[in-house]
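Work through the two exercises below with the model open beside you, and try each task before reading its solution.

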Amino acid sequence: MKKNLMKWLGLGLLTVSLAACGGAKSGGDDAKQASSAETEAGKEESKAEAENTEDLGDSLTLYCSMTDDDVDTVLEGFNELYPDITVEVVNGSAGELFARLKAESANPQGDVMLGGMNQADGDKNKDIFEPFISVHEDELPDKYKSNNGFYNYDHLSSVVFCVNTDLEKELGLDIKDYKDLLDPKLEGKIVFSDPNESSAAWNNISNIMAVYGNDSDEAWSMIEGLMKNKMVIQGSSSACFKNVADGEYVVGLTYEDGASTLLKSGAENIKLVYPASGSSNFAFGCAVVKGAPHMAAAKAMVNFLMSAESQTARGNALGTIRLTNPNAKIDYKYIPKDEDVKWVDRDIEWLINNKDQVLEHWNKLYTEYYK
């Protein structure tokens, strides 16, 4: 299988303001019933597809917001199973790729999307993805099963602080929890991304809600405190760990997989801090594009991504990402074991129903402190 790696540069959509992680309301009982029916239909279709021996074709286009190492690992494993399928990878941020998918909906060019799709999206993307659930769905814990009938949750994104240990020491700090980020010594030295655009930023906002209470005064007091301390808002989620390693900032509010790749590459001046008051995660997924030109190959890719065998190979090759199939046997090398982290639970349904109002509140505060 040949890999053609491309960067998507345009279609005039890079300025589109799209949250990578959704903001739709759940739509009430009717929507839930429709989603449940689609889920069951998707499961049956997935099982039938697995038993179908039809030719998968020789091409597949994967839209992907994952790291290069992750993509390469996925392609290597997929190639072992399907050596005759040429995979073309279109890289981009989740927001960029969603914009492209919407623009192409009348004439789809992509087959599968991987990354940038989390549990709190609800049904907002039902118009661009095919109802299809992997044959491995029943192997997953209930909390990682599809809640919309077209997302298949293959990996987790956990919240961490990426801390530059050299700068932390210079300031005489010991950063362990959110309250430590309000220290005046960190004024202008904390970096974050925009939750209107970045799935990683929405992930972190969701964790603050999980720790302090959904829409609570305590949660908003913490967010406002960070803004008062002149937390820097960057456009790119990767800036929240890369710029910390480069010494531009002391702390980045970021995600585990991204920051731990620095440790994997040999960085000795950063550490991952899991908030002492609790860390949590979203399950992120993959999905088949509605009307995908290579539909059979697309479904084969999703089934591959959800299998224990694939996740075992992927997890051990990367060592930086938590995966969802409990039958996968993974020895995580650069992140702690689950039992060594204090985890808190998220109310996914609340996040689905209330993302719009949370972002509205965030934007009001942002205008007050940054404009």
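Two residues are in contact here when they have heavy atoms within 4.5 Å of each other. Keep in mind that this is a predicted model.

**Exercise 1.** Describe how helix α5 packs against helix α6, and state which residues meet.

*Solution.* Two packed helices are described by the angle between their axes and the distance between the axes. Begin, then, with the axes of α5 (residues 199-212) and α6 (residues 217-228), which come within 8 Å and cross at roughly 135°. An angle between 115 and 145 degrees counts as oblique, and α5 and α6 are therefore oblique to each other. The next step is the handedness, and here α5 passes α6 in a right-handed crossing. Finally, look at the residues: I205, I208, M209 and Y212 in α5 meet E218, A219, W220, M222, I223 and L226 in α6. Sorted by class, this contact of α5 with α6 holds nine nonpolar residues, one charged residue and no polar ones.

**Exercise 2.** Find the largest nonpolar core, and say which element gives the largest share of it.

*Solution.* The largest nonpolar core has 46 residues, and L60, F98 and F129 are those with the most contacts inside it. Several elements give two or more residues to this core, including β2 (59-64), α2 (68-81) and α9 (295-306). The largest share, seven residues, comes from α9. As a last step, notice that another core, of 40 residues, lies apart from the largest one, and that W220, V344, I348 and V358 are among its members. W220 thus appears in both exercises, since in α6 it is also one of the residues that meet α5.

Technical notes:
Residues numbered from 1 in each chain as written. Predicted model: local features only at pLDDT ≥ 70, side-chain atom pairs only at ≥ 80, totals over all residues. Heavy atoms only, no water. Axes fitted to C-alpha atoms, helices over the stretch in contact; angles between N-to-C directions. Helix = DSSP H or I, 4+ residues; strand = E, 2+ residues; numbered from the N terminus. Parallel < 35°, antiparallel > 145°, perpendicular 65-115°, else oblique. Left-handed = near helix turned anticlockwise from the far one by under 90°. Nonpolar A, V, L, I, M, F, W, Y, C, P; charged D, E, K, R; others polar. Core = buried A, V, L, I, M, F, W, Y, C linked by side-chain atoms within 4.5 Å. Buried < 20%, exposed > 50% of the residue type's maximum accessible area, 1.4 Å probe, protein only.
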